[in-house]
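Visitor: I would like to know how the labels on this model are earned. Please set each one against its cut-off.

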Amino acid sequence: MPTVEVTDLKDGDFLLDVREDDEWQAGHAEGALHIPISEFVARYGELTEAAPQDGRVHVICRSGGRSAQVTMYLVQQGVDAVNVDGGMQVWQAAGRPVIAADGRPGFVL
């Protein structure tokens, strides 16, 4: 499965967060697109509209399990997608900013 490290991500890379609503509200990466895995297939069109044309989709969850499932699905659909290894736990541990739904500093559930 295509995988990327959190430290390899650059500002402006397209990030898809597939965690559930309570996780997202507690804390997420600014600018990420949020489509929970439980709603992903039904909301797939939101991704195709938001993702950059001919760009890579970096898929993230809490630790990498759910995002791996979504990454495999996207690759099967012909999308250039990679799983973010370690997910938001590694994101936060690496000192990357995490914001809550209200814009204040957040945390990873």
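**Sheet, helix and pockets**

Guide: Start with the sheet of this predicted model. Five strands form an open sheet in the order E1-E5-E4-E2-E3, and the pairing is parallel.

Visitor: Why are E1 and E3 said to stand at the edges?

Guide: Strand E1 (3-4) and strand E3 (33-34) each have a single partner strand, so one side of each is left without a neighbour in the sheet.

Visitor: How do you know that E2 and E3 pair?

Guide: Pairing needs at least two bridges. Strand E2 (residues 15-17) and E3 are joined by two bridges, in the parallel sense. The cut-off is at least two, so E2 and E3 count as paired. Leu16 has Leu33 in E3 as its bridge partner.

Visitor: What makes E4 a partner of E2 and of E5?

Guide: The bridge count again. E2 and E4 run parallel and are joined by three bridges. E4 and E5 are also parallel, over three bridges. Pairing asks for at least two, so both pairs qualify. Leu15 is bridged to His58 in E4. Val57 is bridged to Ala81 in E5.

Visitor: What holds paired strands together in general?

Guide: Strands of a sheet pair through backbone hydrogen bonds, either parallel or antiparallel.

Visitor: Why are both faces of E4 called covered?

Guide: Look at the side chains on each face. Val57 and Val59 are buried on one side, and His58 and Ile60 are buried on the other. Buried means under 20% relative accessible area, so these four residues fall below that cut-off.

Visitor: Which helix lies across E4, and at what angle does it run to E5?

Guide: Helix H3 (residues 65-76) lies across E2, strand E4 (57-60) and strand E5 (81-84). The angle between H3 and E5 is about 170°. Angles run from 0 to 180 degrees between N-to-C directions, so H3 and E5 point in nearly opposite directions.

Visitor: What makes up the lining of the largest pocket?

Guide: Six nonpolar, two polar and five charged residues. The pocket holds about 220 Å³ of space. Of its 13 lining residues, Lys10, Asp11, Gly12, Glu30 and Trp91 are closest to the centre. Gly counts as polar, so Gly12 belongs to the polar group.

Visitor: And how does the lining of the second largest pocket divide?

Guide: Into six nonpolar, three polar and two charged residues. The volume of this pocket is about 190 Å³. Helix H2 (residues 44-50) gives the largest share of the lining, three residues. Asp54 and Asp80 are among the lining residues. Asp counts as charged, so Asp54 and Asp80 are the two charged residues.

Technical notes
Residues numbered from 1 in each chain as written. Predicted model: local features only at pLDDT ≥ 70, side-chain atom pairs only at ≥ 80, totals over all residues. Heavy atoms only, no water. Contact = heavy atoms within 4.5 Å. 1 Å grid on protein atoms, 1.4 Å probe; cavity = no way out; pocket = protein on both sides within 12 Å on 5 of 7 lines; lining within 4 Å. Points joined across faces, edges and corners; volume = space filled by probe spheres on them. Buried < 20%, exposed > 50% of the residue type's maximum accessible area, 1.4 Å probe, protein only.
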